[in-house]
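These are my notebook entries on a single structure. I set down what I looked up, entry by entry.

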Amino acid sequence: MPVQHYEREACPPRDGQRAPERYRNGRHSDSERSSYVDRRKDPIVPSSRDSSYQTRQNSYKMEMDQYETEPRQALYNLRYFCTSRAICQMMECFLNMLIVICAGVSYNASGVYRDLASLGGIYAYYFGGANAFTGADADRIKLLDQQFYQLKLPTSVNTMACGGALMGYACVMLVLGIFRMPFRFPVVLLVEALLNGLISLGYIPAVAFYFIKLQEVYATDVCKQREQMYKSKGHQGFDCQLQGADICGGLFGVAGVIAFAFGAVLAVRAFIAVRKRKYTAPDDLRI
């Protein structure tokens with residue numbers, strides 16, 4: 001019995017685990033006992049069966065990671081849409097899109113008066129009468145419509161070009177944020193903050209210039225003669241004053257001042273947070 005007591009103490013359980021029953025009762029050979037003790041002392045060297053099982057498990061894990069890495073990364077990138085910077089960038093894009101739409105209303109208003117009454121017959125019956133321009137008056141109002149459209153065209157084109165460029169800029173910043181480029185290269189945040197600040201300041205004279213040029217167009221003799229001729233026939237909506245699309249375009253420009261200024265503040269805060277995270281994280285977690 002002393003031998004059995006000696007053998008039970010020779011291979012004690014490790015890490016709170018119990019040894020097999022045949023080892024604890026001493027019913028084993030020396031070779032089995034030595035192999036069990038070696039595996040307990042050096043778990044890094046498993047048995048042949050354990051090694052094959054671990055190999056299959058690792059291959060299965062690698063295969064699953066291969067299929068799950070891209071969806072997980074895509075879902076992680078889409079979380080950027082819930083951040084304050086992404087919401088602000090989408091608002092910048094949306095405001096500039098509305099500015100382009102408002103300017104496009106004036107750009108597409110290139111129609112001139114159609115003298116359908118001069119065609120005679122049923123056209124004279126439906127479109128003639130006291131409200132129709134005929135003869136020299138019809139030619140005169142057509143010419144005034146063309147001249148008025150040419151006066152408003154430069155302002156509309158410039159507004160559409162500026163709004164489209166700023167909308168593209170906001171979309172580019174949004175895409176960079178989705179792919180975490182500002183986190184990998186924090187200098188992008190400084191560039192964004194600088195550009196947003198300059199754009200916010202540039203909106204102020206741009207909106208002022210926009211309204212000044214429109215007022216100059218509405219103060220011309222072409223607009224006044226056109227208004228008088230349409231009023232003489234009872235037509236409404238041709239007054240020489242700011243139209244609804246013109247006012248909305250200016251209001252969206254004022255909102256753009258606030259949006260881009262707020263975006264600059266958010267970019268600076270994001271830069272500080274990224275730098276703090278990079279330099280305070282452990283060496284193995286820094287990117």
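Entry 1: a surface residue. I call a residue exposed when its relative accessible area is over 50%, and buried when that area is under 20%. The model is a predicted one. I looked up Leu-194 and found a relative accessible area of 54%, so Leu-194 counts as exposed. I placed Leu-194 in helix 9, which covers residues 187-218. I then asked which residues make a nonpolar surface patch with Leu-194. The patch consists of Phe-185, Val-187, Leu-190, Val-191, Leu-194, Leu-195 and Leu-198, and its area is about 640 Å².

Entry 2: the disulfide. I recalled that a disulfide is a covalent bond joining the sulfur atoms of two cysteines. I searched the whole structure and found one disulfide. The partners are Cys-223 and Cys-240, with 2.2 Å between their sulfur atoms. This bond links distant parts of the chain, 17 residues apart: Cys-223 sits in helix 10 (residues 221-232), while Cys-240 belongs to the loop between helix 10 and helix 11 (244-280). I noted an angle of -125 degrees about the S-S bond, and the link is left-handed. Is Cys-223 buried or exposed? Its relative accessibility is 0%, so I entered Cys-223 as buried. I also checked Cys-88, which has 7% relative accessibility and therefore counts as buried.

Entry 3: aromatic pairs. How many aromatic pairs does a search of the whole structure find? I recorded five. One of them joins Phe-148 and Tyr-218, whose ring centres are 6.0 Å apart; their planes stand at 40 degrees, so I listed the pair as tilted. Phe-148 lies in helix 7 (residues 136-178) and Tyr-218 in helix 9, so this pair ties together parts 70 residues apart in sequence. I found both Phe-148 and Tyr-218 buried. I turned next to Tyr-210 and Phe-211, with ring centres 5.4 Å apart and planes at 70 degrees; this pair is therefore edge-to-face. Tyr-210 has a relative accessible area of 11% and is buried, whereas Phe-211, at 25%, is partly exposed. I noted further that ring pairs link Tyr-169, Tyr-203 and Phe-260 into a cluster.

Entry 4: nonpolar cores. I looked up the largest nonpolar core and counted 14 residues in it. The residues with the most contacts inside this core are Phe-133, Ile-141, Leu-144, Phe-148, Tyr-218, Cys-223 and Met-229. Helix 7, helix 9 and helix 10 each contribute at least two residues to this core. I also recorded a second, separate core of nine residues, among them Ile-99, Tyr-169, Ile-199 and Val-257. Two earlier entries meet the cores here: the tilted ring pair of Phe-148 and Tyr-218 and the disulfide partner Cys-223 have residues listed in the largest core, and Tyr-169 of the ring cluster is listed in the second core.

Entry 5: salt bridges. I recalled that side chains of opposite charge can pair when their charged atoms come close. My count came to six salt bridges. Which residue forms a salt bridge with Glu-192? I found Arg-85, with the closest N and O atoms 2.5 Å apart. This pair also links distant parts of the chain, Glu-192 being in helix 9 and Arg-85 in helix 5 (residues 84-108), 107 residues apart. I checked the burial of both partners. Glu-192 has 3% relative accessibility, so it is buried. Arg-85 has a relative accessible area of 11% and is buried.

Entry 6: a salt-bridge network. I found Glu-227, Lys-231 and Asp-239 linked in a network of salt bridges. Lys-231 pairs with Glu-227, their closest N and O atoms being 3.1 Å apart. Lys-231 and Glu-227 are four residues apart in helix 10, so about one helical turn separates them. Lys-231 also pairs with Asp-239, where the closest N and O atoms are 3.9 Å apart. I accepted this pair because the cut-off for a salt bridge is within 4 Å. For accessibility, I recorded Lys-231 as partly exposed, at 45%. Asp-239 is partly exposed, at 26%, whereas Glu-227 is buried, at 16%.

Technical notes:
Residues are numbered from 1 along each chain as its sequence is written. This is a predicted model: local features need pLDDT of at least 70, side-chain atom pairs count only at pLDDT 80 or more; totals for chains, interfaces and linings use all residues. Side-chain values use heavy atoms; hydrogens and water are left out. Patches are made of residues with over 30% relative accessible area and no salt bridge: like charges are joined within 9 Å, nonpolar side chains (Val, Leu, Ile, Met, Phe, Trp, Tyr) within 5 Å. Accessible areas come from the Shrake-Rupley method with a 1.4 Å probe; for residues, only the protein chains shown count as cover. A salt bridge is a side-chain nitrogen of Lys or Arg within 4 Å of a carboxyl oxygen of Asp or Glu. Buried means under 20% relative accessible area, exposed over 50%, partly exposed in between (1.4 Å probe, protein chains only). A disulfide is a pair of cysteine sulfur atoms within 2.5 Å. Rings of Phe, Tyr and Trp (its six-membered ring) pair if their centres lie within 6.5 Å; planes under 30 degrees apart count as stacked, over 60 as edge-to-face and the rest as tilted. A nonpolar core is a set of buried Ala, Val, Leu, Ile, Met, Phe, Trp, Tyr and Cys residues joined through side-chain atoms within 4.5 Å.
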